[in-house]
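Here are some notes for a colleague who is meeting this structure for the first time. They begin with a single residue and widen from there to its surroundings.

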Amino acid sequence: MGSLEEEETKRVKSDSGKAWLQGPHSLSRRSCRFELPMDMLDLELLSPLQYVSQFCRVHGRRRTLFRHYFTKNDRDRDGSINKRELQNALRDLYAQSINTEQVNAILDLLDVDKSVRTFDLDVFTAVAAFSERYLYHYYSLAVQDQSERRMVLEETDFCALRWKLEGCKISEKLKNLLDVL
Ligand SMILES: [Ca+2]
C-alpha cells in the first residue's frame, strides 16, 4: 500500500489550505465525471443509485483510493459490503471528518433504503464519487468557493439541464440528486 499512502500524504500537503476538511481526501469535482444519457427519457426508469452506478466515470487514482476503503471494510472478503460497512467506508474515506448525519444525507439522496442490502465495488465506487460531489456542494455553499470548475465535457453535458429535462418524467429523488452534481 506504499504508493497509495505516498499519494495521500501528497494530497494532504497540497491541500493544507482547505482546513474545512481533514484527512487524506481533498475534494475535487474533477476526479470523476457524471454523464447524462443520450436519450434523457432513459432517466425516467432509473433510481438515483442506479443513475450514479451507470453514469459515473471515476478516474484511476480515485478508483484505487475507493477500492482501498471498500476492501478494508469488506471484512469477510466476499466482494460486497452491507450498509453499515458502507457507512464506515465513507467515513474512513474522509478520515472520520464527516459525521453520521452527512453520511445519512448522502445515502438519502441516493435513496438507499432497506431494500438495498449489499453493495459491490462498482456501486460503492459510484456512491463514493457522489459523496465527493455532495461534500463539495455542501462546503461550497459554506465557503462560497466555486473556483474549481467541472471538466468541459461534463459542463457541456450538464448545462441547460433543466431544458434537457423538459418533458421527462423523472422522479423527484433523481431530480434532487442531479441538483447536487
Ligand atoms: Ca462482505
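1. This is a predicted model, and a convenient place to enter it is N88, which counts as partly exposed because 18 C-beta neighbours lie inside 10 Å, whereas a buried residue would need 20 or more. N88 has its place in helix α4, and its C-alpha atom is separated by 9.4 Å from that of T100, a residue 12 places away along the chain.

2. The helix that holds N88 packs against another one, and the pair deserves a description of its own. Two packed helices are described by the angle between their axes and the distance between the axes. For helix α3 (residues 60–73) and helix α4 (residues 83–93), the angle is about 135° and the axes are 9 Å apart, which means that α3 is oblique to α4. The crossing of these two helices, α3 and α4, is right-handed.

3. Which residues of α3 and α4 make the contact? On the side of α3 they are Y69, F70, K72 and N73, while α4 contributes E85, N88, A89, D92 and L93. Sorted by class, the contact of α3 with α4 has four nonpolar, two polar and three charged residues.

4. Turning to the whole protein, the secondary structure comes to nine helices and four strands, and from the N terminus on the elements run in the order α-β-α-β-α-β-α-α-β-α-α-α-α. Of the 181 residues, 27% count as buried. Among contacts between residues at least 6 apart in sequence, 74% join residues at least 24 apart.

5. The interior should be read with one tendency in mind: in soluble globular proteins, nonpolar side chains tend to be buried together. In this model the largest nonpolar core has 38 residues, and those that touch the most other members are V52, A89, L110, F124, V127, A129 and F130. At least two residues of this core are supplied by each of β1 (32–34), α2 (48–55), β2 (56–58), α3, α4, α5 (100–109), α6 (121–143) and α9 (172–180), and the largest share, nine residues, comes from α6.

6. Two members of that core link the points above. A89 is among the core residues that touch the most other members, and A89 also belongs to the contact between α3 and α4. V52, for its part, touches L110, A126, V127, A129 and F130 when residues up to four places away in sequence are not counted.

Notes: Residues numbered from 1 in each chain as written. Predicted model: local features only at pLDDT ≥ 70, side-chain atom pairs only at ≥ 80, totals over all residues. Axes fitted to C-alpha atoms, helices over the stretch in contact; angles between N-to-C directions. Parallel < 35°, antiparallel > 145°, perpendicular 65-115°, else oblique. Left-handed = near helix turned anticlockwise from the far one by under 90°. Contact = placed C-beta atoms within 7 Å. Nonpolar A, V, L, I, M, F, W, Y, C, P; charged D, E, K, R; others polar. Buried ≥ 20, exposed ≤ 12 C-beta atoms within 10 Å, placed from the backbone. Core = buried A, V, L, I, M, F, W, Y, C linked by C-beta atoms within 7 Å.
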